[in-house]
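I sat down with this one to look up a few things and jot them as I went. The notes below are in the order I made them.

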Amino acid sequence: MSTEERLYVWLKADTEALQQLLPAGWVPQPATGFLQDANLAIVLIEGIAVSDTHGKPLPARDRFAVVAVPAKNEQEGLTAFVIIDGLAAPAASAPGAYGVYKPARAAVERRSSNRGDVPASVEERWNIASDAGDHIQVQIAYERGVGVRKHIEPRVYSALKPTFYRIYKVDQVDDLVHTTHPNGPKAKALEFSVVGGRLSELQVSGEKIVGIVSVPSYYREIFLPE
């Protein structure tokens with residue numbers, strides 16, 4: 001069981017290039033609504049609290065940058081996230097359950113201010129790099145919007161080990177803080193850069209950002225299929 005803070009950076013990547021990175025039988029499944037056409041997510045994760053299967057508290061030092069594709073298995077008709085790449089800090093957290101994370105160093109800074117009856121202002125800085133030359137950097141300033149509580153139970157697959165997946169049971173709060181949709185919120189400031197790994201292969205850049213979702217509260221239990 002774990003409690004985390006997350007930031008989802010949703011992008012629109014080349015569909016054919018993404019297809020080459022997915023296991024046989026899977027195809028990209030783009031998002032809709034305020035994240036229209038987004039087909040790739042960088043999930044930035046900071047662990048807050050962790051416990052083992054018996055409920056014993058454990059140190060929560062993990063930070064991740066997970067690169068995932070929302071995808072559909074056309075034969076089975078199911079949708080899931082397929083993890084194609086990632087960075088993990090500390091190094092002992094790599095390669096992780098999905099077998100694709102590289103050991104990395106990570107720095108996370110977060111500041112918020114709330115005065116009077118105006119929305120809270122938040123600044124976040126994520127800097128994650130590996131010795132292999134991968135580097136993901138996100139800096140964003142935004143106003144808190146209306147948080148939406150959700151319970152979801154997604155399946156998460158590994159691109160490296162296509163038959164392996166885990167089932168998450170998640171309670172979370174989503175806050176859409178930036179979108180290119182004309183009727184959605186806009187960040188006050190946004191800087192984004194990536195070097196190396198699958199993201200460089202996909203030629204990802206700030207111009208391909210479709211939206212960013214802050215998840216200030218994320219509680220997860222993990223199950224393996226029976």
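What follows are my entries on the overall fold, the charged pairs, the aromatic rings and two single residues.

**Entry 1: overall shape**

I started by reminding myself that this is a predicted model. I then counted secondary structure and got 2 helices and 14 strands. For the size, I took the C-alpha atoms along the principal axes, and they fill a box of roughly 50 × 45 × 35 Å. Is the radius of gyration in agreement or at odds with a compact globule of 226 residues? It agrees, because the rule gives a value near 17 Å and the protein has 17 Å.

I also checked how the chain packs. Of the 226 residues, 43% count as buried. Taking contacts between residues at least 6 apart in sequence, I found that 65% join residues at least 24 apart. The exposed area comes to about 11,700 Å², and carbon and sulfur atoms supply 50% of that.

**Entry 2: salt bridges between β7 and β8**

Next I went after charges. Side chains of opposite charge can pair when their charged atoms come close. My search of the whole structure turned up 13 salt bridges, and I picked a few to look at.

R110 and E124 meet through their side chains, with 3.9 Å from N to O. R110 sits in strand β7 (residues 101–113) and E124 in strand β8 (residues 121–130), which puts them 14 residues apart. Which of the two is buried, and which is partly exposed? E124 has 2% relative accessibility, so I put it down as buried. R110 is at 31%, so that residue goes down as partly exposed.

I then looked at R111 and E123, whose salt bridge has its closest N and O atoms 2.9 Å apart. With E123 in strand β8 and R111 in strand β7, this pair ties together parts that are 12 residues apart in sequence. On the exposure side, R111 has a relative accessible area of 54% and therefore counts as exposed. E123 comes out at 26%, so I noted it as partly exposed.

I also asked which residues are linked with R110 and E124 in a network of salt bridges. The network takes in E5 and E46 along with R110 and E124.

**Entry 3: a salt bridge at a loop**

I moved along the chain to R144 and D175, another salt bridge, with its closest N and O atoms 3.5 Å apart. R144 is in the loop between β9 (135–143) and β10 (148–152), while D175 is in strand β12 (residues 165–179). That makes them 31 residues apart, and the pair links distant parts of the chain. D175 is buried at 2% relative accessibility, whereas R144 is partly exposed at 25%.

**Entry 4: rings**

Aromatic pairs were next, and the search of the whole structure gave 5 of them. One is Y98 with F164, which is edge-to-face, at 5.8 Å centre to centre and 65° between the planes. I placed Y98 in the loop between β6 (78–89) and β7, and F164 in the loop between β11 (155–158) and β12. The two are 66 residues apart, so I marked this as a link between distant parts of the chain. Y98 is buried with a relative accessible area of 1%, and F164 is partly exposed at 23%.

How do the rings of Y157 and Y165 sit? Their centres are 4.7 Å apart and their planes are at 25°, so I logged the pair as stacked. Y157 and Y165 are both buried. W26 joins them, and the three form one aromatic cluster.

**Entry 5: S130**

I wanted a look at a single residue in strand β8, and S130 lies there. S130 is buried, with a relative accessible area of 6%. Its side chain makes a polar contact with the side chain of D134 at 2.8 Å. Leaving out residues up to four places away in sequence, I found that S130 touches L87, P103, A104 and R105.

**Entry 6: V173**

Last, V173, which I located in strand β12. V173 is partly exposed at 22% relative accessible area. Its contacts, again without residues up to four places away in sequence, include G147, V148 and R149, as well as S214, V215, P216 and S217. I also took the C-alpha separation of V173 and D131, which are 42 residues apart along the chain, and got 33 Å.

Technical notes:
Residues are numbered from 1 along each chain as its sequence is written. This is a predicted model: local features need pLDDT of at least 70, side-chain atom pairs count only at pLDDT 80 or more; totals for chains, interfaces and linings use all residues. Side-chain values use heavy atoms; hydrogens and water are left out. A salt bridge is a side-chain nitrogen of Lys or Arg within 4 Å of a carboxyl oxygen of Asp or Glu. Helices (H or I, at least four residues) and strands (E, at least two) are DSSP runs, numbered from the N terminus. Buried means under 20% relative accessible area, exposed over 50%, partly exposed in between (1.4 Å probe, protein chains only). A polar contact is a pair of N or O atoms within 3.5 Å; within protein, one must be able to donate a hydrogen and the other to accept it, and residues adjacent in sequence count only if both atoms are side-chain atoms. Contact means heavy atoms within 4.5 Å. The radius of gyration is taken over C-alpha atoms; the globule rule is 2.2 Å times the number of residues to the power 0.38. Accessible areas come from the Shrake-Rupley method with a 1.4 Å probe; for residues, only the protein chains shown count as cover. Rings of Phe, Tyr and Trp (its six-membered ring) pair if their centres lie within 6.5 Å; planes under 30 degrees apart count as stacked, over 60 as edge-to-face and the rest as tilted.
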